[in-house]
Amino acid sequence: MFSQILLFKISDILDYNQQMLITLLITGIACAILGCFLVLRKLSMITDALAHSILLGIVLAFLITKDLNSPILFIGAGLFGIFTVFSIELLSSTRLVKSDDAVGIIFPLFFSLAVILISTFARNVHLDIDIVLMGQVIMIPLNNIEILGIIIPKAMFYMLLMLVANTLLISIFFKELKISTFDPEFATIAGFSSSLLFYALMTLSSFTAVSAFDAVGAILVIALFIGPAASAYLLTKDLKMMLLVSILFSVANTFIGFFLAMKINVSISGMIAAITGATLLLTVLFNKDGIITAIYLRHKNKKEFRHDLLIMHLGNHQTEPDAELELGFDTIKDHLHWDQDAIERRTTRLIDQGLVFRDQTRKIYRLTEKGQLRYNMIKIDYGM
């Protein structure tokens with residue numbers, strides 16, 4: 001009776017939805033901070049391999065233990081993730097196939113073997129392919145574990161452990177990870193093994209993927225690892241800032257995806273993955289080097305060039321004898337070959353900026369003192 005009183009349940013302070021949301025937020029952050037290094041190392045597809053091939057480790061461990069709740073499944077899946085990375089590296093090191101090709105060979109092989117084993121030996125066990133791909137987020141609050149008198153969702157506990165482990169690795173070995181990521185040869189010369197750091201990173205990535213696998217499924221694991229990190233990379237090239245921005249993206253994607261999924265009653269994992277893809281697409285379009293930004297800048301530069309051209313025309317002719325003909329209210333369009341509406345629109349803007357004024361006495365457009373300075377700067381810029 002006394003031991004029951006000492007038990008503290010997370011469900012006493014967090015409702016069903018809050019437990020799911022917090023677990024998803026922790027999962028997203030744990031994946032995003034490792035994802036930054038995977039993106040920078042051009043290892044994005046490794047997460048795809050891990051997310052699918054660890055299923056074979058789970059199945060093999062289950063066939064040995066016959067218990068879905070055994071911790072051996074977690075250990076087996078994590079170790080098999082490391083084995084997957086080692087297999088990919090071993091195959092690519094033969095130089096017979098490229099690294100990306102090795103990923104495309106290894107993970108479909110392991111994943112298909114897992115599917116065959118499930119359909120053959122675990123047909124009546126809760127290891128169906130839909131759950132593997134999309135996870136079971138709504139089951140998070142129902143699968144609890146007791147730790148030091150605290151009853152907490154199992155997925156939340158495992159992801160907290162991985163978040164702490166990932167944060168510690170990055171905090172302690174930040175300099176080494178940074179150097180080995182951008183210059184592995186220099187890292188070797190400096191006296192620390194880039195290979196050791198690589199496998200440490202892959203080990204944590206593997207166990208992070210395993211921890212998130214049961215709750216959110218393979219599809220969202222990939223999205224959480226790569227989406228926020230890729231979005232952050234488009235916005236900043238500073239590593240510390242990239243880590244921070246990737247966390248912000250992950251949190252925003254999770255919040256938006258979770259509440260949209262709850263509102264329209266669709267898969268939570270699927271919606272968060274979709275929102276992650278949407279935010280990445282928006283970042284691609286609107287970042288400083290993005291497609292939409294480039295179109296806007298081309299349009300802006302074209303408009304500015306026309307304004308500069310008008311200023312040059314005014315500056316070249318306002319002191320000439322033919323100024324009334326070249327710069328006249330009704331005749332300037334003939335010399336610039338613009339229609340009257342374009343003339344009115346562009347001169348009005350330059351007048352608003354204090355660069356041009358209408359000389360009502362001579363019926364011509366002329367540069368102000370500020371416009372004359374701009375005219376001189378344009379000549380310098382164009383080497384005139």
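Is Pro153 buried or exposed? Select Pro153 and find out: at 0% relative accessibility, Pro153 counts as buried (buried is under 20% relative accessible area, exposed over 50%, partly exposed in between, with a 1.4 Å probe and protein chains only).

**Before you click further**

This is a predicted model, where local features need pLDDT of at least 70, side-chain atom pairs count only at pLDDT 80 or more, and totals for chains, interfaces and linings use all residues. Residues are numbered from 1 along each chain as its sequence is written, and side-chain values use heavy atoms, with hydrogens and water left out.

Colour by pLDDT (the predictor's confidence in each residue, from 0 to 100). The protein has a mean of 82, and 92% of its residues reach 70 or more. Among the elements, helix α11 (residues 239-264) has the highest mean pLDDT, 94, and helix α1 (residues 2-6) the lowest, 47. Helices here are DSSP runs of H or I with at least four residues, strands are runs of E with at least two, and both are numbered from the N terminus. Now pick residues 1-5: pLDDT stays under 50 there, and the model gives this stretch zero contacts beyond four places in sequence. A contact means heavy atoms within 4.5 Å.

**Stop 1: around Pro153**

Go back to Pro153, which is found in strand β3 (residues 150-153). Show its contacts, leaving aside neighbours within four places in sequence, and you get Ile10, Gln19, Ile140, Pro141, Asn143, Asn144 and Ile145. For a sense of scale, draw a C-alpha to C-alpha distance from Pro153 to Ile264: 25 Å in space, for 111 residues in sequence.

**Stop 2: the nonpolar cores**

A nonpolar core is a set of buried Ala, Val, Leu, Ile, Met, Phe, Trp, Tyr and Cys residues joined through side-chain atoms within 4.5 Å. The largest one has 89 residues, and Leu24, Ile46, Ile170, Met202, Leu220, Phe225 and Ile268 are those with the most contacts inside it. Helix α10 supplies the largest share of this core, 21 residues. There is also a second, separate core of 20 residues, which includes Ile332, Ile343, Ile364 and Leu367.

Zoom in on Ile268. Not counting residues up to four places away in sequence, Ile268 touches Met20, Leu24, Val137, Ile138, Phe258, Ala261 and Met262. Next, click Ser267, in the loop between α11 and α12. Ser267 is partly exposed, with a relative accessible area of 35%. Its C-alpha lies 9.3 Å from that of Ile138, although the two are 129 residues apart along the chain.

**Stop 3: Gly78**

Select helix α4 (residues 71-93), where Gly78 is found. Gly78 counts as buried, at 0% relative accessibility. Outside the four places on either side in sequence, Gly78 touches Ser206, Phe207 and Val210. Measure across to Met202 and the C-alpha atoms are 10.0 Å apart, with the two positions 124 residues apart in sequence numbering.

**Stop 4: the second largest pocket**

Which residues lie nearest the centre of the second largest pocket? Pick Arg41, Leu43, Glu89, Pro184 and Phe198, out of 17 lining residues. The elements that give two or more residues to this lining are α3 (44-65), α5 (99-121), α8 (174-182), α9 (184-190) and α10 (194-235). The largest share, four residues, comes from α10.

On a 1 Å grid over the protein atoms alone, a pocket is an open set of points where a 1.4 Å probe fits, with protein on both sides within 12 Å along at least five of seven lines; lining residues have an atom within 4 Å of a point. The volume is about 420 Å³, taken as the space filled by probe spheres set on the points.

Colour the lining by type and you see seven nonpolar, five polar and five charged residues. Asp, Glu, Lys and Arg count as charged, Ala, Val, Leu, Ile, Met, Phe, Trp, Tyr, Cys and Pro as nonpolar, and the others, Gly among them, as polar.

**Stop 5: three loops**

Pick Lys42, in the loop between α2 (16-40) and α3. Lys42 has a positive phi of about 60 degrees although it is not a glycine, and it is exposed, with a relative accessible area of 73%.

Then try Lys363, in the loop between β4 (356-359) and β5 (364-367). Its phi is near 60 degrees, a positive value in a residue other than glycine. Lys363 is partly exposed, at 48% relative accessible area.

Finish at Asp289, in the loop between α12 (268-286) and α13 (291-317). Asp289 is exposed, with a relative accessible area of 62%.
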